[in-house]
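Student: I have a structure open and a list of labels I don't quite trust. Can we go through what earns each one?
Tutor: Sure, let's set the values against the cut-offs.

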Amino acid sequence: MRVNDLVLGLVLALLGGAAAWQAGGFPSRPGMIFGPALFPTIIGLGLAGCGLLLAARKLLSGDRTPWYVVPEWGRSLYHVAGIPVVVALILFYVWVSPALGFTPTMFLVLLAAMLWFRAPPLRALAAAAGGAVGIFLGFDLLLRVPLPVGPLERLLW
Amino acid sequence: MTDVLAAFGLILQPYVLAVILGSGCLGILIGSIPGLTATMGAALLVPITFFMDPVPAIAAIVTLAAVAVVAGDIPGALLRMPGTPASAAYTLDAHALVRQGRGELALGTSVVCAALGGLFGTLVLVVAAPLLARVALNFSDFEYFWLTCLGLTCAAFVSTGSRLKGAASLFIGLLIATIGLDVTSGYPRFTFGSLELMGGVPLIPAMIGMFAIAEVFRHAVALSPAPPLEQRPVGGLFSGLGKALRPYRLGILRGGAVGTLIGALPGAGADIAAWVAYALSRRFSKTPERFGEGHVEGIAEAGAANNGSLSGAWVPALVFGIPGDTITAIAIGVLILKGMQPGPAVFINSPTLLYAVFIAFFVANLLIVPLGWAAVKAAKHVVRIPRNLLMPLILGFCIVGAFAITNTLFGVLVMLALGLVGYLMEENGLPVAPAILGLVLGGLLEQNFMTSMLKAQGDLTAFFDRPVAAALGVVTLLVWTLPLLLRGWRALRRPRPPTNLKGPRRT
């Protein structure tokens, strides 16, 4: 997702401007000259300034990079789907693990990711199982992190 | 003296030594695999070290970083792919030596010079930090404000890429740091009604996202398959090394010094230190034409520099709480979470802790030699670990790690969000390091700024009242404006050549 400096600069300027505008609304406590609005406003303006300078520099330099460059991996559907798949796996974990429990959910996530990355299926199964159990042992038993326990695990121990 | 002995007691415990050895081995793993950086390793280690006492926690991070940077030389030599960015400066030379059948010279030099550079840096740390702390004890909010500004500016400008993008990245980090309850009045800023965001963006999940998840994203879209492995056997690592390196001993010293100095600059880490040292080495070498063809001088000097920078980065970190590189930024984030604000007070209140950290540094850098030797022996197998199994495991580890810090799934969502942000930033040339420093130091910077403003009652000249504050302020302002001024000056002085718009006719 590489855009040229003009677009990047405008996006940053918009972000900084929006932040500064939102920050302007933060009320200070009575009796204090400066309140919560000061610092974010300065930072937002700074970001907006950088964005505008970036866009201006691209405009003035006259170089002809198109506003969006299709990356080399853009032609392959497999690669384009790569990042959304990883995002989906993380979201899957967030939504499913409280109900299903840590170990089964993590096993599914690891297996899906390994298969997506084209690992041989048997090795993926072994590595995913080993990984899920290993992480569980390491974090839950060793470090006592309260990982979610689900119905499957309650059956086992 | 009793403090020093007590410090030895803290370190020479089986648990701490086991932790040091464990992170050393982890460092070998992370350093040897291209794509896994020492910073990422430190970020991955945090969920584990978070539950430890400060001494083993810092010892673990220091050892991991030191060994990972050395281990990064190995795939650079064998595959021409540096394992960590810090090894990139001399990868060509190392690989050339391997192809000439002299791989053990390259790798032995790496290991030994890394240890020497690291030890030099540690020496500087041990001597300079208490001295600087004494100066820092007299600092008020104004001095801290200017110092933090200077440090952040340095980080934004020194990072690779355009200064403008570095500054933009810094502002992004500072902006993210303002999310949450305001420190002076408790007003919720940018929380959009979310209860969890009121506590601010949790630091560790953010770092895990920006350094590790972004890397998983990069792997998901990566096209190139792994390059073939150079199968030359690597023989005795240390034989004949003393004689080979003797002519370059001044260079090695210079490399360690340059590395330590650059490491102490906030935002400039091992990779920049290595490049600068390599360039200096070629500039002052008696045989500059041999660089790039398999010359050991560059490897020796830059290898010393990148490990020296790891120790140097802890000087501003321990004394001022300003991280010298991304690894110390992570370590400081952990210390702050554990309620320990690094600063000159640490030197007075917990000298034993400090001496223990120094001793840990020595132990870690001495361990580089045996662990480096083990790394070279193990390299052939480690480098071949398939990425399609490794990356998902790292993904899983990140998810659990982010969860473990906050004990809520909110941490995982933060990790995801900042992973995307970090990936998009890097894709568009915005370096991630200034953003991380902005995130870590944003709260502190604002606190210093607000208390200074309140003290000065809005009178900006108060920022220059005290002599040290005035000096720091002037330097900071110069650093901000000098590049612009210089460019304007140069543009004015250059005579404009007559522009021929038509150009030569093509027939």
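## What earns each label

Student: What makes Trp116(A) count as partly exposed?
Tutor: Its relative accessibility is 25%. Buried needs under 20% and exposed needs over 50%, with partly exposed in between, so Trp116(A) is partly exposed. Bear in mind that this is a predicted model.

Student: Which ring does Trp116(A) pair with, and why is the pair called stacked?
Tutor: The partner is Tyr78(A), with 4.9 Å centre to centre and 25° between the planes. Rings pair if their centres lie within 6.5 Å, and planes under 30 degrees apart count as stacked, so this pair gets that name. Tyr78(A) sits in helix α3 (residues 77–80) of chain A and Trp116(A) in helix α5 (residues 102–116) of chain A, so the pair ties together parts 38 residues apart in sequence.

Student: Why is the pair of Trp146(B) and Phe464(B) called tilted?
Tutor: The ring centres are 5.3 Å apart and the planes stand at 45°. Stacked needs under 30 degrees and edge-to-face needs over 60, so the pair is tilted. Trp146(B) belongs to helix α8 (residues 141–158) of chain B, while Phe464(B) is in the loop between α21 (432–456) and α22 (467–493) of chain B, 318 residues apart. Both rings also belong to a cluster linked by ring pairs, whose members include Phe39(A), Phe142(B) and Phe449(B).

Student: Are those two, Trp146(B) and Phe464(B), buried or partly exposed?
Tutor: Trp146(B) has a relative accessible area of 5%, so that residue is buried. Phe464(B) comes out at 30%, so that one is partly exposed.

Student: How do you know that helix α6 (residues 91–99) of chain B is largely enclosed?
Tutor: Seven of its nine residues are buried, so the rest of the structure largely encloses the helix. Among the buried ones are Asp93(B), His95(B) and Leu97(B). Their cover includes α5 (73–79), α7 (103–136), α13 (270–284) and α14 (296–312) of chain B. Just after α6(B), Gly101(B) takes a positive phi of about 80°.

Student: On to helix packing. What makes helix α3 (residues 38–49) of chain B roughly parallel to helix α16 (residues 326–337) of chain B?
Tutor: Their axes come within 9 Å and cross at roughly 15°. Angles under 35 degrees count as roughly parallel, so α3(B) and α16(B) qualify. The residues in this contact divide into seven nonpolar, two polar and no charged.

Student: And helix α6 (residues 121–142) of chain A with helix α19 (residues 387–406) of chain B: why the roughly parallel label there?
Tutor: The angle is about 25°, with the axes 10 Å apart. That is under 35 degrees, so α6(A) is roughly parallel to α19(B). The crossing is right-handed. Its contact includes Gly131(A) and Phe139(A) of α6(A), and Gly396(B) and Phe397(B) of α19(B). By class, that contact has nine nonpolar, three polar and one charged residues.

Student: Why are helix α10 (residues 203–221) of chain B and α19(B) called roughly antiparallel?
Tutor: They cross at roughly 165°, their axes coming within 10 Å. Over 145 degrees counts as roughly antiparallel, so the label applies to α10(B) and α19(B). α10(B) passes α19(B) in a left-handed crossing. Glu215(B) of α10(B) and Arg387(B) of α19(B) are among the contact residues, which divide into 12 nonpolar, four polar and two charged.

Terms used:
Residues numbered from 1 in each chain as written. Chains lettered and ligands numbered in written order. Predicted model: local features only at pLDDT ≥ 70, side-chain atom pairs only at ≥ 80, totals over all residues. Heavy atoms only, no water. Axes fitted to C-alpha atoms, helices over the stretch in contact; angles between N-to-C directions. Helix = DSSP H or I, 4+ residues; strand = E, 2+ residues; numbered from the N terminus. Parallel < 35°, antiparallel > 145°, perpendicular 65-115°, else oblique. Nonpolar A, V, L, I, M, F, W, Y, C, P; charged D, E, K, R; others polar. Phe/Tyr/Trp six-rings, centres within 6.5 Å; stacked < 30°, edge-to-face > 60°. Buried < 20%, exposed > 50% of the residue type's maximum accessible area, 1.4 Å probe, protein only. Left-handed = near helix turned anticlockwise from the far one by under 90°. Contact = heavy atoms within 4.5 Å.
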